[in-house]
Amino acid sequence: MVWGRPIAPKAPAKKVTRGQQLGVLGILHSGSEDFESVDDLFEAVGELLQEVSRDSKDDEDIRDICQRMFNTLHLDDENSQGCSKVLLDAPIQLSKVTDSYDSGLDLFPKLLLKRGQTSMVNAKKLAKAEARLKAKQTKRTERDSLNPADLLVLEEASASQVSSKKETRMESSGKNKSYDVRIENFDVSFGERVLLTGTDLNLAFGRRYGLVGRNGLGKTTLLKMIASRSLRIPSHISILHVEQEVAGDETPALQSVLECDTTRESLLQEERELTARINAGKGQGTEGDRLSEIYVKLEEIEADKAPARASVILAGLGFNAKMQQQTTKEFSGGWRMRLALARALFARPDLLLLDEPTNMLDVRAILWLENYLQTWQSTILVVSHDRNFLNAVATDIIHLHSQRLNTYRGNFENFMKIKEERLKNQQREYEAQQQYREHIQVFIDRFRYNANRASQVQSKLKLLEKLPELKPVDKESEVMMKFPDGFEKFSPPILQLDEVDFSYSPSHCVFRGLSVSADLESRICVVGENGAGKSTMLKILMGDLAPVRGIRHAHRNLKIGYFSQHHVDQLDLNISAVELLAKKFPGKTEEEYRHQLGSYGVSGELAVRPVASLSGGQKSRVAFAQMTMPCPNFYILDEPTNHLDMETIEALAKALNKFRGGVILVSHDECFIRLVCKELWVCENATVTRIEGGFDEYRDILQEQFRKEGFL
């Protein structure tokens, strides 16, 4: 007791009402499954507990109470698993549990609130807490409903560029009339991965650029950034990116191509309207002058020659006269992509962007496209892994590596020579400088503590500091592929078709009297126009399609591995490559799956990323790893080089040449065909013909056909 000062009476503790108890307990009961952490629980009941404590406890005390509640809730959940739960029709008054308790009585009716009896809970705060719970439940439902594919969409490409005030002024004033493209000091990213950083891209008007580089480095992403104008391109330069197939509707193929010339179409439409007005006697006297102007403009753009030009482009890409009159909805996705390419070629934009255009074409159409693009007047930027196509088309090569772009004059063969020479010179300069540095360092170390040589040592140290820092050649890792061949050889016949007829319908005969055979030494390439039956023959050889007449014979020990040109459609894109193999071939360790993927260049972080986030070439490698897992002794490959970079194509060719089993493949890649194949089969006129002179003879036959048909 302190003398001279009255003692304040102690404030009576505030009694916790039954309503407050029920409020807290109700929230804990109804939302126990939604409390994933102490923070969730604190957010839901912290405010009510603070009110009950009459602010006598701080946030840390309240959080400590929530922690104990959270632990109890989770302990109760573990103990109550398997117990049944009852949904009550009304709130329970816990105070009734102890009042006049009699074990022989049924308490349940007493626990229910009587009609007209109200709860003591703070309605506003309870509603607020329940709203929080409802929001959390909604958020959780939305999160759970998102599948991995939806989450992957969130990872998008982006581009940034340092702005130039001079270019901005020229663009806004309209003085920039140049059709050259100069994009300086820009970055491109995909999600968190940086693809290009601080690099430049210069495209001179009228030049044809081939963009090359390893799979997954960002070539396709760069084209998309240019097409979307995420990178700064002068607004007067028209850009066309052949990316999506033409929509299927009632428009004939030829008309679909003609419609992409909007200037011609608008003039013709206006001419039809004016003529109709004059014929109907509703003319105002000015129609004649306007028609004269329209005819002059149509003559300037050579509108009368447009249908013939469009027809030549379609014919070159494989559309015969009948197909050109078919509606676009009648074509498959592959033919609609050809139609999109035809529209782009007809439109003649200032900058044409092509991404692997040869993937959708057969050898005949590729040869025609090579010839057609050699006379292209404006600028082309094409991504391609076809050496022969780039040699025929490109005037310059842009090499994407180490997050940079390097430009080389000349076609692909010239690029390879210059690049090798540059790398040799760079390595020689680096080694020479290293020897010079070592020589100076020896002098410094020898006379560092010699007072008479102190000035010389200082001079040498300054010399070292001024030397430019040269880096050794950053060599790209060699791509390795190997097809397992630990099987015993067996004698022919291995696989053959004898007098086979096949048709999908009585009116559509695909093959008649087809007889072919292959053994474990075979290296056969099948070529022919799209729709000639190449893929159908492969399916008959595998036994997936049964002949209408004739015999398919396969050795009892034959084990075929098949690579489909639509292999991406057969991969589960929402899981990783490791999970894909584990799902397809269960029972092995993760190390075994990783080793299998690593044999095809899918290693490290790539093996555990969702397949959907991989590039086209990387998905193809996953498909190869999956195909070779069961160790087949015979491979049937349908367009295996699609999407693969040149280094991987070469590695695939070497692996197939070393393989001890048989190979039949369909391909349009001339370089790959020359590296692998010993026999060339041409699929045409409902049969298969062997070309004795190989690819050279086949190419000469096609060139002669082009000249006769006037496509060149």
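Q: How much surface does the chain expose, and what share of it do carbon and sulfur atoms supply?
A: The chain exposes about 39,900 Å², and carbon and sulfur atoms supply 50% of that area. Accessible areas come from the Shrake-Rupley method with a 1.4 Å probe; for residues, only the protein chains shown count as cover.

Q: What kind of model is this, and how are residues numbered?
A: The model is predicted: local features need pLDDT of at least 70, side-chain atom pairs count only at pLDDT 80 or more, and totals for chains, interfaces and linings use all residues. Residues are numbered from 1 along each chain as its sequence is written, and side-chain values use heavy atoms, with hydrogens and water left out.

Q: How many helices and strands are there?
A: The chain has 25 helices and 18 strands. Helices (H or I, at least four residues) and strands (E, at least two) are DSSP runs, numbered from the N terminus.

Q: What percentage of the residues is buried?
A: Of the 712 residues in the chain, 41% are buried. Buried means under 20% relative accessible area, exposed over 50%, and partly exposed in between (1.4 Å probe, protein chains only).

Q: Turning to the open sheet, what is the strand order?
A: Six strands form it in the order S14-S15-S16-S12-S17-S18, with mixed pairing. Two strands pair if DSSP finds at least two bridges between them. The twist averages 20° from one strand to the next.

Q: Which strands stand at the edges?
A: Strand S14 (560-563) and strand S18 (687-690) do; each has a single partner strand, so one side of each is left without a neighbour in the sheet.

Q: How many bridges join S14 to S15?
A: Four bridges join these strands, which run parallel. Phenylalanine 563 stands opposite leucine 637 in S15.

Q: Which strands does helix H19 touch?
A: Helix H19 (residues 534-542) packs on the sheet and touches S12, S14, S15, S16, S17 and S18, where contact means heavy atoms within 4.5 Å. The direction of H19 makes about 155° with that of S15. Axes are lines fitted to C-alpha atoms, for helices over the stretch in contact, and angles run from 0 to 180 degrees between N-to-C directions.

Q: How many residues of H19 are buried?
A: Seven of the nine are buried, so H19 is largely enclosed by the rest of the structure. Among the buried residues are Met537, Leu538 and Leu541. Glycine 543 follows H19 and has a positive phi, near 95°.

Q: And where does H22 lie?
A: H22 lies across S14 and S15, running at about 165° to S14.

Q: Changing topic, at what angle do H12 and H15 pack?
A: Helix H12 (residues 306-316) and helix H15 (residues 363-373) pack at about 135°, with their axes 9 Å apart. They are therefore oblique to each other; angles under 35 degrees count as roughly parallel, over 145 as roughly antiparallel, 65 to 115 as roughly perpendicular and the rest as oblique.

Q: Which residues meet there?
A: Arg309, Val312, Ile313, Ala315 and Gly316 in H12 meet Arg364, Ala365, Trp368 and Tyr372 in H15.

Q: Any backbone oddities: where is the cis peptide bond?
A: The peptide bond from proline 492 to proline 493 is cis, with omega near 0°. Proline 493 lies in the loop between helix H18 (454-466) and strand S10 (495-505).

Q: Is glutamate 639, with its positive phi, buried or exposed?
A: Glutamate 639 is buried, with a relative accessible area of 9%, and its phi is about 55°.
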